[in-house]
Amino acid sequence: MRVSLILVLLAGSCVSDEAHRHYRQGLSAKRVEDVDVLFEKPDRPFQIIADFQARNATIDYMRREAAEVGADAVIVSRIGGTYDRGSTIRTTDQPSGFRVESTGAVGHLVGTAIKYE
Amino acid sequence: MNRSIITLLATAMLAACSSVDVTKTGKGHYDPTPPSEVEILKTQPLNREYFELGVVTADGFGSSDVAKMHNAIRDKAADLGAQAVIITSEGLMPGGFSTSRWCTGVAIRWGKAEF
């Protein structure tokens, strides 16, 4: 029981290097389930209200942060990470003609909180 | 047998050590770009407008793996929507088993910021 509690506390405290920027204040917080998670810009017009960045964060973390600032959605990207030195570069797999095999994603998760217009 | 195990472990350690750290400094979101389209620049572009998206640090690459390091930078900076990375410094770091290559740079996008 004590070991489980310690593990849960450690898991919850693993997010680090948090850096958030808020561009618009005064919006009411929303329920987390009402915040859309996107991985690219939406087709409809929007305003950016905040940027979030953290190591070891999850998509749920970004969604919670976005809900706190009253966002309609959060656009999530993972940047940086480990790179497999044994990777070979192939030029025929992807439409871009370039493919890198990489392992791991230890870098930053970034999220941009938006409000639809 | 022991030497083979040590060699195997050393190889595994080296294979896992390369990384590219990207920290976002710009505002807003830009959709990822195709990695093959990300330019690697060693000089600051003076005649073309651009804005910064983030800072990039690569380390743990083989001392002669310059092109591979550049490709790793392309791959990781592309997630940020970068169209180029300006390499600001680069060097070699002596290590326990071998010398490794590192570099730092700035991920940029051409034109004016949208946000």
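## A walk through chains A and B

Start by selecting chain A, which has 2 helices and 6 strands. Keep in mind that you are looking at a predicted model. Colour chain A from its N terminus and you should be able to follow the order α-β-β-β-α-β-β-β. Of its 117 residues, 38% count as buried. Now switch on contacts: among those in chain A with a separation of 6 or more, 78% join residues 24 or more positions apart. If you bring up the surface, chain A exposes about 6,700 Å², and carbon and sulfur atoms supply 51% of that.

**Next stop: helix H2 of chain A.** Select residues 59-68. Which residues of this helix are buried? Show side chains for A:Tyr61, A:Met62, A:Glu65, A:Ala66 and A:Ala67, and you have them. To see what lies over them, add strands E3 (46-55), E4 (73-79) and E6 (108-116) of chain A, which are among the elements covering those buried residues. Then step just past the end of H2(A) to A:Gly70, where phi is positive, at about 85°.

**Over to chain B and the largest nonpolar core.** This core has 23 residues, and the members that touch the most others are B:Val20, B:Leu53, B:Ala58, B:Ile73, B:Val85 and B:Ala107. Want the framework around them? Select strand E1 (19-24), strand E3 (50-62), helix H2 (66-78), strand E4 (84-94) and strand E5 (99-110) of chain B; each of these gives two or more residues to the core.

Zoom in on B:Ala107 and show what it touches beyond four places in sequence. You'll pick up B:Phe51, B:Glu52, B:Leu53, B:Gly54 and B:Val56, along with B:Ala77, B:Leu80, B:Ala82, B:Ala84 and B:Val85. There is also a second, separate core of 16 residues, including A:Ile49, A:Ala57, A:Tyr61 and A:Val74. You have already met A:Tyr61, as one of the buried residues of H2 in chain A.

**Last stop: B:Ser63.** Go to the loop between E3 and H2 of chain B, where B:Ser63 is found. Is B:Ser63 buried, exposed or partly exposed? Its relative accessible area is 34%, which falls between the 20% and 50% cut-offs, so B:Ser63 is partly exposed. Ignoring neighbours within four places in sequence, B:Ser63 is in contact with B:Leu92, B:Thr99 and B:Arg101. To finish, draw a distance from its C-alpha atom to that of B:Pro94: the two residues are 31 apart along the chain, and their C-alpha atoms are separated by 9.4 Å.

Note on methods. Residues numbered from 1 in each chain as written. Chains lettered and ligands numbered in written order. Predicted model: local features only at pLDDT ≥ 70, side-chain atom pairs only at ≥ 80, totals over all residues. Heavy atoms only, no water. Core = buried A, V, L, I, M, F, W, Y, C linked by side-chain atoms within 4.5 Å. Buried < 20%, exposed > 50% of the residue type's maximum accessible area, 1.4 Å probe, protein only. Helix = DSSP H or I, 4+ residues; strand = E, 2+ residues; numbered from the N terminus. Contact = heavy atoms within 4.5 Å. Areas by Shrake-Rupley, 256 points an atom, 1.4 Å probe, with all protein chains shown as cover.
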